[in-house]
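User: I would like to learn how to read a few features of a model, beginning with its strands and ending with an annotated position. Could you take me through them one by one?

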Amino acid sequence: MASMNNSLALLLLLIILIADHCLPTAAVAEHGYGSSTPSWVNPRLRRLLRGTAHGELEVTVAKDGSGDYTTIAAAVAAAPNGKERYTVRIREGKYHEQFVIGRRNVALFGDGMDKTVITASHGTPHGGNTSASATVTAIGGGFMARDLTIENTAGLDGNQSVALRSNSEHAVLYRCRLQGFQDTLYAENKLQFYLDCEISGTVDFIFGDAKAVFQGCRLLVRRPRNGAHNVITAQGRNDLNKSLTGFSFQNCSVIAMPKENLTGVETYLGRPWRNLSHVIFMQSFLSDIVHPSGWVHWNKSSAVAETARTVSYMEYDNWGPGANTSQRVDWEGFSKVTDAKKAEEYTVDRFINGSEWLPKNIVYKHGL
């Protein structure tokens, strides 16, 4: 059906272009054949026509039936084959869905993180496949999301409960909220960028082996199970020769989620999912919820000397009561970076080559 609609759209576009060349200028203006498609064209085809002219396709999802689709999954499934940008505009509402985006260059644009919410409640309470719990899975390259919330409400009893699993090369999330508890964001692989986002959770709530920069993000820590401790990152680099992956947090803030009581709860910046785990926090606000030691072993009660030597955990020019590094871990793999040139390596343009692929309308901080 999608291919048939596209063929019809192209045929209509051809008719319009012929009319545009045949009609006098006054007639073109009168009948609206210039900058927009005719009013008699079906609204959905009108959007496709407009998109085709610019190498992009656009559809709308609305729960009340006023758009092209009532579910996001249906809109994503209807994406035609091709490399052009396919934009799904999602109107205000709570969408109880779980879906996978396999096509390249799909963008999900909402009405705001407080207005457009994609939600599901899939966990792994008895072990199993963490990836399968994800509310949204993005595999196709060039995935974008803006002005929306993706959440997993499985809660503490859900154990690993992923909101977003991103295995998308050149993924961009802008002004998005990723909400969950354990394993909220699975930044699985490839180059990724998160700008002005809110990410909440308890244990390992930003994990994976992507090469990702988080800029201007709020990392909101929630209360874990009684007696447990929180860990913000679990970066999974394990092969220096394969890829210099890692997480870079610049101009971010680490704070308690509003109305959460973290009294008596220890919160750490990260722990090594694998031996070469690689993370830097720089120019960020670290509140008093951050434990003085900063970082913790995978198993808190069982230190692994080799891992403490092979990780690469760094802090540079942070501020706030949790930024005092005088009592940080004495691991060989931890360092207090003082050289600005070293820190510059972890900026957007240097670490993920952002200037080469990020959309021009994404305004971000290029350096320190």
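Analyst: The turns below take up strand pairing, cysteines, an annotated residue and a strand residue. This is a predicted model, in which local features need pLDDT of at least 70 and side-chain atom pairs count only at pLDDT 80 or more, while totals for chains, interfaces and linings use all residues. Residues are numbered from 1 along each chain as its sequence is written, and side-chain values use heavy atoms, with hydrogens and water left out.

User: In which sense do β16 and β19 pair, and over how many bridges?

Analyst: Two strands count as paired if DSSP finds at least two bridges between them, and the elements themselves are DSSP runs numbered from the N terminus, with helices being H or I of at least four residues and strands being E of at least two. Here β16 (residues 218–221) and β19 (residues 253–256) pair in the parallel sense over 4 bridges, and V221 stands opposite A256 in β19. Strand β19 is also joined by 2 bridges to β22 (residues 285–286), again running parallel, with L286 of β22 as the bridge partner of V254.

User: How many disulfides are there, and why is C176 not bonded to C197?

Analyst: A disulfide is a covalent bond between the sulfur atoms of two cysteines, and the criterion applied is a pair of cysteine sulfur atoms within 2.5 Å. By this rule the count is 0 disulfides. The sulfur of C176 has its closest cysteine sulfur in C197, at 5.1 Å, and is therefore too far away for a bond. C217 is likewise in no disulfide, the nearest cysteine sulfur, that of C197, being 4.7 Å away.

User: Is C176 buried or exposed?

Analyst: Buried means under 20% relative accessible area, exposed means over 50%, and partly exposed lies in between (1.4 Å probe, protein chains only). C176 is buried, because its relative accessible area is 0%, and C217 is buried with a value of 0%.

User: What does the UniProt record say about D204, and where does D204 lie?

Analyst: UniProt positions are given in the numbering used here with shortened feature names, and annotations may be inferred rather than shown by experiment. The unreviewed UniProt entry carries the annotation "active site" at D204, a residue placed in strand β14 (residues 203–208). D204 counts as buried because its relative accessibility is 4%. Taking contact as heavy atoms within 4.5 Å, and leaving aside neighbours within four places in sequence, D204 is in contact with D183, V231, I232, T233, A234, R271 and W298.

User: Which residues does S335 contact, leaving aside its neighbours within four places in sequence?

Analyst: S335, in strand β24 (residues 334–336), is in contact with Y313, M314 and E315 once those neighbours are left aside. S335 is partly exposed, because its relative accessible area is 30%.
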